[in-house]
Amino acid sequence: SLVGNTLFVHGAVDRRTARFVPRPDAKFRNTPSEPEPAKICDDVREWTEEMNRFLRVGLEDHARRPGWDPDRATRGGEALMALQNRSAMWGRSVISNCYGDGGCITTEYARTDREDPDRERRIQVEGARVRGGLQRSGRSGRGVVAAEGGSAQGGGGHKPTGDCPAVLGAGRTGVEVVSGDTSYSDAAADDNRGRAVAVLEIAGESEWDNRLEVRGTLRDGTEQESLFP
């Protein structure tokens, strides 16, 4: 969902998922070729509306035909199942992609990406696409970026990042990212959380003039609080 200058997703908005709207007839299977999009949206608000429409259509489809067909070839809501599967979407899953993909920084792909001389330009271009869609002309604060120096925000998760949320500052891209999945705060505890508690708040004067506040308790019992400008 999009609330003011903050975009909330289950997984992550990255260069594979941003702007991409799946087809309502997407199949939950390993497809031999990359699925064609139903639409590519350059505006974040339009993209959010289209993704929410995709969800509604999928839920209605499931309500009409919740079971498999006689050939077990398809069922209602199959496109929603496909969207949460990175194989079916060829890596374009806003649900299953994530910012905290454990261990990925050590992979050969990550090393090659870090050394790509074009990487800095890609970072700026990708950030500008998301940031531009969150701008609101005539308003100060985090919603207006280019002229007034504010920044947009995005929240995601899907894979845990430790015993407190992970925050990526807006310094390079103009988009502040927070990954809020702390479900494995303490793997030694019976509930995988132990004493750890995390609270994320977007606080401020309005949905456009605000800041991120993170507070809680780490797994060793240490209380922490971070207020982001």
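A polar contact here is a pair of N or O atoms within 3.5 Å, and within protein one of them must be able to donate a hydrogen and the other to accept it. In this predicted model, a pair of that kind turns up at S185: a polar atom of the S185 side chain lies 2.5 Å from the backbone oxygen of T182. S185 itself is found in the loop between strand 7 and strand 8. With a relative accessible area of 2%, S185 is buried, because the cut-off for that class is under 20%.

The loop between strand 7 (175-179) and strand 8 (197-204) also holds N192. The backbone of N192 has a phi near 65°, a positive value in a residue other than glycine. N192 has a relative accessible area of 23%, so this residue counts as partly exposed. Another residue with a positive phi is W90, where the angle is near 55° and the residue is, again, not glycine. W90 sits in the loop between helix 2 (78-83) and helix 3 (108-115). Its relative accessibility is 37%, and W90 is therefore classed as partly exposed.

Now for helix 1. This helix takes in residues 44-64, 21 residues in total, and at 1.5 Å a residue it should span 30 Å; the end C-alpha atoms are indeed 30 Å apart, so the expected and computed spans agree. At the N-terminal end, D43 acts as the cap, with a side-chain oxygen 3.1 Å from the backbone nitrogen of R45.

Which residues of helix 1 are buried? They are V44, W47, T48, E50, M51, F54, G58 and D61. These residues lie on the same side of helix 1, because they cover an arc of only 165° around the axis. The general geometry helps here: an α-helix has 3.6 residues a turn, so residues three or four places apart point the same way. The other side of helix 1 carries A63 and R64, and both of these are exposed.

Finally, there is a nonpolar patch on the surface. V3, F8 and I202 make up this patch, which has an area of about 240 Å². V3 comes from strand 1, which is made of residues 2-3. The relative accessibility of V3 is 39%, so V3 counts as partly exposed. That value also fits the patch criterion, because patches are made of residues with over 30% relative accessible area.

Terms used: Residues numbered from 1 in each chain as written. Predicted model: local features only at pLDDT ≥ 70, side-chain atom pairs only at ≥ 80, totals over all residues. Heavy atoms only, no water. Patch = residues over 30% accessible without salt bridge, like charges linked within 9 Å, V, L, I, M, F, W, Y side chains within 5 Å. Areas by Shrake-Rupley, 256 points an atom, 1.4 Å probe, with all protein chains shown as cover. Salt bridge = Lys/Arg side-chain N within 4 Å of Asp/Glu carboxyl O. Helix = DSSP H or I, 4+ residues; strand = E, 2+ residues; numbered from the N terminus. Buried < 20%, exposed > 50% of the residue type's maximum accessible area, 1.4 Å probe, protein only. Expected span 1.5 Å × (residues − 1). Arc of directions from axis to C-beta.
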